[in-house]
Every structure is written in C-alpha cells, then in structure tokens.
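Thanks, everyone, for making the time this morning. I would like to walk you through a few side chains in the structure that I am about to put up, so please keep it in view as I talk.

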Amino acid sequence: MAGADLALLLLILACLVLRAAGLVVAGRLRPDHPFVRWAASVALATLAAFIAAAVFAPTGMLASIPFPARMLGLVVAIAVMLRRGGFLAPLLAGLAATAALVLALQLAAG
C-alpha cells in the first residue's frame with residue numbers, strides 16, 4: 001500500500017472513530033451542557049473565519065467579484081440576520097445585494 005493510500009485510510013478511520021465518539025458523548029449531554037455550548041461556539045467561529053476569508057482574501061471565482069460587492073453582501077446579510085434572525089433570509093439577501101452591485105458595476109463599466 002502506497003504512503004498516500006495509507007494516510008487516506010488512517011484519516012478515514014480516525015474520522016469514523018471521532019464520529020462514533022461524538023455520537024456517544026452527544027447522546028449523554030443535555031443541550032445546555034457547557035461542552036455543547038463550547039462546540040457550538042467553535043463551529044460558529046470556524047464559519048466566521050471562512051466567511052472572513054471569502055470576503056477579504058477570496059480565491060477562485062469569488063476573487064472576480066469586486067470587493068465593494070462582497071462587503072455590501074456581508075453588511076446586508078448581517079443587517080437582515082440582526083433584524084429577522086435565522087440564516088436563510090440573510091444568506092439570500094446578501095447574495096441578492098452582491099449580485100445587484102456586481103450587475104450595476106458591470107453596466108456602469110459599459
């Protein structure tokens with residue numbers, strides 16, 4: 001077995017073990033347990049880091065969207081989230097604002 005194949009197999013096994021351990025632990029914890037709150041906080045912090053990276057240092061196709069459009073989408077999404085809550089409405093509002101500004105910038109450029 002090649003080194004890369006062995007590494008992939010070990011990674012898959014480690015993920016399965018961690019998932020099984022998570023299911024065992026999660027089944028015994030209350031939703032208001034401090035560990036559950038900590039895990040939720042870590043998950044939200046990770047999501048915030050990915051969003052910040054996508055807005056401030058994008059790669060791939062996202063890099064072709066102008067920075068003001070990315071910022072407008074972020075600001076609109078945060079405003080809608082603070083006003084209405086949830087995640088779907090802010091996501092859609094942020095995407096719509098970004099798309100509208102990109103379209104406006106393209107039309108203005110000619």
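Let me begin with R70, which is buried and yet has no salt bridge, for the nearest side chain of opposite charge, that of D5, is 36 Å away. Please bear in mind throughout that what you see is a predicted model. R70 sits in helix α3, which runs over residues 67-84, and, if we leave aside residues up to four places away in sequence, R70 touches A54, V55, P58, L62, A63, I65 and T98.

Where, then, do we find a salt bridge? The side chains of R30 and D32 meet in one, at 3.1 Å from N to O, and a search of the whole structure finds one salt bridge. R30 is partly exposed, with a relative accessible area of 48%, and D32 also counts as partly exposed, at 46% relative accessibility.

Now to the aromatic rings, where a search of the whole structure finds two pairs. In the pair formed by F56 and F67, the ring centres are 5.9 Å apart and the planes stand at 45 degrees, so this pair is described as tilted. Because F56 lies in helix α2, residues 34-56, while F67 lies in helix α3, the pair ties together parts that are eleven residues apart in sequence. As for accessibility, F56 is exposed, with a relative accessible area of 52%, whereas F67, with 38%, is partly exposed.

To return to where I started, helix α3 holds R70 and also F67, the ring that pairs with F56 of helix α2.

Methods:
Residues numbered from 1 in each chain as written. Predicted model: local features only at pLDDT ≥ 70, side-chain atom pairs only at ≥ 80, totals over all residues. Heavy atoms only, no water. Helix = DSSP H or I, 4+ residues; strand = E, 2+ residues; numbered from the N terminus. Buried < 20%, exposed > 50% of the residue type's maximum accessible area, 1.4 Å probe, protein only. Lys, Arg positive; Asp, Glu negative; His and termini not counted. Salt bridge = Lys/Arg side-chain N within 4 Å of Asp/Glu carboxyl O. Contact = heavy atoms within 4.5 Å. Phe/Tyr/Trp six-rings, centres within 6.5 Å; stacked < 30°, edge-to-face > 60°.
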